[in-house]
Amino acid sequence: MTRTGLGLGCAALGNLYRAVTDEVAAATVEAAWTAGIRYFDTAPHYGLGLSEQRLGRALRGRPRDVYTVSTKVGRLLVPDPAGAGRPDPEGFVVPATHRRVRDFSRDGVRRSLDQSLERLGLDRVDLVLLHDPEGHDRAALDEAYPALAQLRAAGVVGTIGVGSKDPGILQRFVTQTDVDTILLAGRYTLLEQPALDELLPACLDRNVQVINAGVFNSGLLAVADPHEGLPYEYGPASDGVLRRARALAGVCTRHGSSLPAAALAFAGGHPAVACVLLGAQTPEELIRNVALFRCPPPAALWADTVAAGLLRPDAPLPSADHEGEPAC
């Protein structure tokens, strides 16, 4: 991955929030490829394996040494035939044919990875991440991490890391283990920057790369004019959060930019961030987001945002030009 580029987060390929067809999913990956994106992140959790299956099909036939795939461990998929007639309870529009079982044991890590490789149709993945280990800290640190470290030492996987929206648990892994990468979800965005205090400095100190995900805060920052009904933290945005998003949008408009363009630019502005991970449900969304990333706001926007009390003054500001850096 090269800083600061874009990767494709593939939760939407698993029918997050709404169903997309196989054809649309494949076209979204194709649009990412055409835009120069070569990093793709998925997980068993996303659509009960559907995301991995679709991503694997979309990448089939492409030169394996020119793209990077990450998947995650910590949620085993256990068949549940009785659930075939029920919808998945975790936000993906798929039948509940499997149950997610949290498993951070050594055996669980290996079983999960083997199952992911089968769904992807690949003989290896480049990065394996522990998925949301909060609440399972001890097992993740004492069993799952050593299992991944052994796989890395044996050359079975290239790099290892952890993904979470909890800066505290991420910092524990950064400071107590030898992870290569963290995936930070929704905690270093234009709307909020709790990772700025300790986590991101620790990543710089220990040379841990950061993949910044959830940079639209579940969708609230993805539109130029935030309105009621948009999601934040996978639920409705509160009045206070919505007011703040609207105030940010107003500054962007005054400078001839837009809220999503500023959100993308800011997300890649910290020197610890190696990649900004974007989700997209359609090729059109993907193409729009790449175009916005390549046209960052003017420098004066950031000064006005800080002056309005909408952005921390100690936050590193993004460079003025991402042109030529579309991909990780």
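In this predicted model, N217 is tucked away as a buried residue, with a relative accessible area of just 1%. N217 is found in the loop that runs between β9 (209-213) and β10 (231-232). Its backbone is a bit unusual: N217 is not a glycine, yet it has a positive phi of about 50 degrees. For context, most residues other than glycine have a negative phi. Y17 is another non-glycine residue with a positive phi, here about 75 degrees. Y17 belongs to the loop between β1 (5-9) and α1. With a relative accessibility of 43%, Y17 counts as partly exposed, because buried would call for a value under 20% and exposed for one over 50%. A positive phi also turns up at G61, just after α2, at about 90 degrees.

As for the overall fold, 8 strands make up a closed barrel, in the order β1-β2-β3-β6-β7-β8-β9-β12 and with parallel pairing. Going from one strand to the next, the twist averages 25 degrees. Take β3 and β6 as one of the pairings: β3 covers residues 68-73, β6 covers residues 127-131, and the two run parallel over 4 bridges. Across this pairing, T71 faces V128 of β6.

Now for the aromatics, where the structure has 5 pairs. One of them is W33 with Y67, an edge-to-face pair with 6.0 Å from centre to centre and 70 degrees between the planes. W33 sits in helix α1 (residues 22-34), while Y67 sits in the loop between α2 (50-59) and β3, so this pair ties together parts of the chain that are 34 residues apart in sequence. Both partners are buried: W33 has a relative accessibility of 13%, and Y67 has a relative accessible area of 4%. Y46 and F92 make up a tilted pair, at 6.1 Å centre to centre and with 35 degrees between the planes. Here the link spans 46 residues of sequence, because Y46 is in the loop between β2 (39-41) and α2 and F92 is in the loop between β4 (75-79) and β5 (98-102). These two are buried as well, Y46 at 13% and F92 at 5% relative accessible area.

W33 has further company. Together with F40 and Y67, W33 forms one aromatic cluster. The charged end of R38 sits over the W33 ring, 3.8 Å from its centre, and R62 lies over the face of W33 at 4.7 Å from the ring centre.

F40 leads on to the nonpolar interior. The largest nonpolar core contains 93 residues, and F40 and L130 are the ones with the most contacts inside it. Leaving aside residues up to four places away in sequence, F40 touches L8, C10, V29, A32, W33, L55, L59, Y67, T68, V69 and S70. Another core, of 9 residues, lies apart from this one and includes A43, L48, L50 and L77.

Helix α2 is mostly covered, with 8 of its 10 residues buried. The buried set is L50, S51, E52, R54, L55, G56, A58 and L59. Among the elements that cover these residues are α1, β2, β3 and α3 (106-120). Two of the buried α2 residues, L55 and L59, are also contacts of F40, while L50 belongs to the 9-residue core.

Definitions and conventions. Residues are numbered from 1 along each chain as its sequence is written. This is a predicted model: local features need pLDDT of at least 70, side-chain atom pairs count only at pLDDT 80 or more; totals for chains, interfaces and linings use all residues. Side-chain values use heavy atoms; hydrogens and water are left out. Two strands pair if DSSP finds at least two bridges between them. Axes are lines fitted to C-alpha atoms, for helices over the stretch in contact, and angles run from 0 to 180 degrees between N-to-C directions. Rings of Phe, Tyr and Trp (its six-membered ring) pair if their centres lie within 6.5 Å; planes under 30 degrees apart count as stacked, over 60 as edge-to-face and the rest as tilted. Buried means under 20% relative accessible area, exposed over 50%, partly exposed in between (1.4 Å probe, protein chains only). A charge sits over a ring if NZ of Lys or CZ of Arg is within 6 Å of the ring centre and within 35 degrees of the ring normal. Contact means heavy atoms within 4.5 Å. A nonpolar core is a set of buried Ala, Val, Leu, Ile, Met, Phe, Trp, Tyr and Cys residues joined through side-chain atoms within 4.5 Å.
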